[in-house]
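Let's take a walk through this structure together, with the coordinates open beside the text. We will look at empty spaces, at helix packing and at a sheet.

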Amino acid sequence: MSNSSFSRRKFLGASLLTSAGLSLIPGLSFAASPNPLFQAAHERVRLGFIGVGRQAMGLLNNFMKIPGVEVVAGADVYAIKRERFALRVQKNQTDAGKAVLAPKLYEDYRELLANPEVDAVVIATPDHWHALMAIDACKAKKDIYLEKPLTFTIKEGQELVKAVRSNGVVLAVGSMQRAAVNFQTAAMHVQKGRLGKISQVLVHVGDNPHPKPYDLAKEEIPAGLNWQKWLGPIPALHFNDLLNPGITLNPDKNEAAWGAWRWYKETGGGLMTDWGAHMIDVAQWGLSMDRNGPVEVIPASGDKPLTYRYANGVEMLITKFDEGRQGVKFMGENGWIKVSRGNYDTSLKELDLGKEPENFTFTAHHIDFIDCIRKRKDPIVPVEIGHSTCTACTIGNIAHELQRPLKWDPMAQVFTDAEANSKLHYAYQNGYSLT
């Protein structure tokens, strides 16, 4: 997909689209970056990857297809994955007919950030590392593509927002559904009132959405994996291969599953942050609640699902609907729209998409990040929107853990409940500090 074709579809979540349809909405401007490497005319973008597991392999393939992008470095705590990363970079270069240059490899991501040849970083690590790595990248004046969810805790998100803005870097969140026409269309119609007053939004993130306590069996740490660096700031856990699935290079065998760290309370937020970072994001986008959020969250009880209430009276229910795929259904006084990956449907004929939804692709989202680096502007999903989405996901987990309704102030970003406020962060271990 070309830059020009994507720009016709660009849509910022806090804005309404024009009545003409999916036309260009400019990004939010901000002060010029202190990094002199990037001006409007600067075309080359040199990327370093932090975390080179399964997710990073897909990101790598997409970013290396974008003209002017060079991948020059990679960091990971697992030696064999660093080696695979170098081989994939060189294969991409060979396939594209480019000069083959081996990327520089690091076990410690801070060494990558110190490399002046790296202009921007792609962070695709477990969630508990997102904030520390991204804040360090801000301080190093590197632009950032950060996988969703933005952070592991709400306090981390607050500090990351400050770091992005005080250092003048571009940070794009990997909420790539915002670059898909079917999701854009659904959000546009809801924002423009074409369903009438919205009463409820149904959001399906998957069955058993909340994380569970770590219960995997202890296994031997494989050679080449620095387990202490993998753990970083979280309390000590024993190793299990499901947390960081192994690979082989000869024969070439990739991870057999996604890292299971996302399902455990100690290392992730369960489906609430894994798929919620996509689907709750779309719900808040359509409701014009970006940079805002609910005022109350009520845990599931009996046949009543986890429920969020917004100041305008709208309720968002975390529940399965229709065929059960992860998605969002907006319910209005005039009808409904439901949307999921590769799907769009509505009860109102005049709101039909007009064609079959395109196959879901990450490409447009990644092009937008590179374009925003060059133009020094905010991407489709800037840090504040990533933070408000992540916050909504996380307060749902907190209400579930405490098993009581909680009042939330989305502007002050605090609960009225002292015990709930104690869940906004955790005590870092092993000498790590958030600020």
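Let's begin inside, bearing in mind that this is a predicted model. The lining of the second largest cavity splits by class into five nonpolar residues, three polar and one charged. You can find the site by selecting Lys-148, Pro-149, Leu-150, Val-173, Ser-175, Ala-277, Gly-386, Thr-389 and Cys-390, which line this cavity. Its volume is about 40 Å³, and a search of the whole structure gives two cavities of 30 Å³ or more. Helix H12 supplies the largest share of this lining, with three residues.

That helix is a good guide to what comes next. H12 covers residues 383–402, and with five residues it also gives the most to the lining of the second largest pocket. About 570 Å³ of space lies in this pocket. Its lining has 23 residues, and those nearest the centre are Phe-152, Lys-265, Gly-268, Glu-401 and Lys-423. By class, the pocket lining holds seven nonpolar, 11 polar and five charged residues.

Now to the neighbours of H12. Two packed helices are described by the angle between their axes and the distance between the axes. Take helix H6, residues 154–167, first: its axis and that of H12 come within 9 Å and cross at roughly 175°. An angle over 145 degrees counts as roughly antiparallel, so H6 and H12 are roughly antiparallel to each other. On the H6 side the contact is made by Ile-154, Gly-157, Gln-158, Leu-160, Val-161, Val-164 and Arg-165, and on the H12 side by Val-383, Glu-384, His-387, Thr-391, Thr-394, Ile-395 and Ile-398. Seven of these contact residues are nonpolar, five are polar and two are charged.

How do the axes of helix H10 and H12 cross? For H10, residues 276–286, the axis comes within 9 Å of that of H12, and the crossing angle is roughly 110°. H10 and H12 are therefore roughly perpendicular to each other. Gly-276, Ala-277, Ile-280, Asp-281 and Gln-284 of H10 meet Ile-385, Ser-388, Thr-389, Ala-392 and Cys-393 of H12. This contact has five nonpolar, four polar and one charged residues. Ala-277 and Thr-389 may look familiar, as both are among the residues that line the second largest cavity.

Next comes the sheet. It is open, has nine strands and mixed pairing, and runs in the order S15-S14-S13-S7-S12-S11-S10-S16-S17. At its edges are strand S15 (343–346) and strand S17 (414–415), each of which pairs on one side only. S15 joins strand S14, residues 336–340, in the antiparallel sense over four bridges, and in this pair Ile-337 stands opposite Thr-346 of S15. Helix H7, residues 181–191, packs on the sheet, where H7 touches strand S7 (198–204), strand S13 (327–332), S14 and S15; the direction of H7 makes about 155° with that of S14.

Finally, follow the sheet to another set of strands. Strand S10 (residues 296–298) pairs with strand S11 (residues 306–309) in the antiparallel sense over three bridges, with Ile-298 opposite Thr-307 of S11. S11 also runs antiparallel to strand S12, residues 315–318, to which four bridges join S11. Here Thr-307 stands opposite Leu-317 of S12. The hairpin of S11 and S12 has five residues between the strands, and in this hairpin Gly-313 takes a positive phi near 95°.

Technical notes: Residues numbered from 1 in each chain as written. Predicted model: local features only at pLDDT ≥ 70, side-chain atom pairs only at ≥ 80, totals over all residues. Heavy atoms only, no water. 1 Å grid on protein atoms, 1.4 Å probe; cavity = no way out; pocket = protein on both sides within 12 Å on 5 of 7 lines; lining within 4 Å. Points joined across faces, edges and corners; volume = space filled by probe spheres on them. Helix = DSSP H or I, 4+ residues; strand = E, 2+ residues; numbered from the N terminus. Nonpolar A, V, L, I, M, F, W, Y, C, P; charged D, E, K, R; others polar. Pairing = 2+ DSSP bridges. Contact = heavy atoms within 4.5 Å. Axes fitted to C-alpha atoms, helices over the stretch in contact; angles between N-to-C directions. Parallel < 35°, antiparallel > 145°, perpendicular 65-115°, else oblique.
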